[in-house]
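I opened this entry to look up what surrounds the ligand and what lines a second site, and I note the cut-offs as I go.

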Amino acid sequence: MTGGTSGIGAVAVSLLRGEHRVVLGARRPASGVESLPLDLASLKSVRTFAAGIRHRLGSEAIDALVLNAGVIRADADGRTVDGFETAFAVNHLAHYLLLRLLLPGLAPGAVVLLTTSGTHDPATGAGLEPPRHADARLLAHPELDESLPAKAGQHAYTASKLCAVLIVRYLATEYSNVVTPIAFDPGQVFGTGLAGDLALPMRVAWKVLGTPVGWPLRQFQPTLNSVPDAGKALASLASREVVPPEGQSYAAVRRGKLGWQEPSELARDVAAGVGLWEESARLAMPET
Ligand SMILES: NC(=O)c1ccc[n+]([C@@H]2O[C@H](COP(=O)([O-])OP(=O)(O)OC[C@H]3O[C@@H](n4cnc5c(N)ncnc54)[C@H](OP(=O)(O)O)[C@@H]3O)[C@@H](O)[C@H]2O)c1
């Protein structure tokens, strides 16, 4: 699991670790749970982590691959050591590579869960700049994107979350007999570490609304959820306590409860999913 050291993921880990063997990929060790070093801002680190997992597990298969880590940044100016835009590289490309590297070690029907966001959908985007496309080359190099909006940081984030749904839908088509793919949309969850790279007013609002002050808001807005509710939903999917109904792969938390929805029209674009899968391979696995 990635993204298990903070926020929604940390709650899920605390619920899972009593009954399941949980191994985290994380930038810093987490107490009380196995972990191996992983910095998603480096494809070399992803390869080292995948090799370390294979070595540690030996012949033991992976029952659930939970790709939950994510970042949002104020702009799209950051570049990883590999030269790719940071939010796209961390949220999508690194997870794509990890998935490709670990696919052979997954148990039959293993859960492959990618954490997405309702912001991938222009209809429910919570005011963030919606994604305009899922062109991996342009998302990796936004300086080449002639249609890049002014709020480029928001676009990088929402487009990376569109990528997550497209990859899940690709898996549902091409790997349906192999894995159980799930796109997990936790709703809007204040109080996590997600706003850490944003401007001070946003960081303060995010923190304050994550306290009991945010409770009245959650009563009126169905997409707002608490960290415990979102973490519990994530744990229930990772552990197979909740499984997708036939033909469904988009799990969303609304009013604190997990349900199944249709993702946005953009995310249902089959050709975009195929293009994303292939272009991501060219970027992350140029040797293949
Ligand atoms: N909160 C929301 O409203 C919301 C809404 C929709 C979707 N989501 C998604 O939910 C997921 C969890 O977010 P959260 O709100 O719980 O935020 P969070 O508390 O900031 O958790 C983010 C996690 O990602 C990890 N991470 C970030 N960059 C990494 C890197 N380069 N390498 C390895 N791990 C890295 C963080 O590790 P560190 O502990 O080392 O920082 C942390 O464990 C994200 O994918 C986010 O996009 C959140």
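I looked first at Tyr 157, where a polar side-chain atom lies 2.7 Å from an oxygen atom of the ligand, a polar contact being a pair of N or O atoms within 3.5 Å. I found a polar side-chain atom of Thr 192 also 2.7 Å from an oxygen atom of the ligand, and for Leu 194 I noted a polar backbone atom 3.1 Å from a ligand oxygen. On its own the ligand has 890 Å² of accessible area, of which the protein covers 93% (Shrake-Rupley method, 1.4 Å probe).

I keep in mind that this is a predicted model, in which local features need pLDDT of at least 70 and side-chain atom pairs pLDDT 80 or more, while totals for chains, interfaces and linings use all residues. Residues are numbered from 1 along each chain as its sequence is written, and side-chain values use heavy atoms, without hydrogens and water.

I listed 29 residues around the ligand, the closest being Thr 5, Ser 6, Arg 28, Val 189 and Thr 192 (a heavy atom within 4 Å).

I then turned to the second largest pocket, which holds about 510 Å³ of space (an open set on a 1 Å grid where a 1.4 Å probe fits, with protein on both sides within 12 Å along at least five of seven lines; lining residues have an atom within 4 Å of a point; the volume is that filled by probe spheres set on the points). I counted 24 lining residues, with Arg 21, Val 22, Ile 62, Asp 63 and Ala 64 nearest the pocket centre.

Terms used. Polar contact = N/O pair within 3.5 Å; in protein donor to acceptor, adjacent residues only side chain to side chain.
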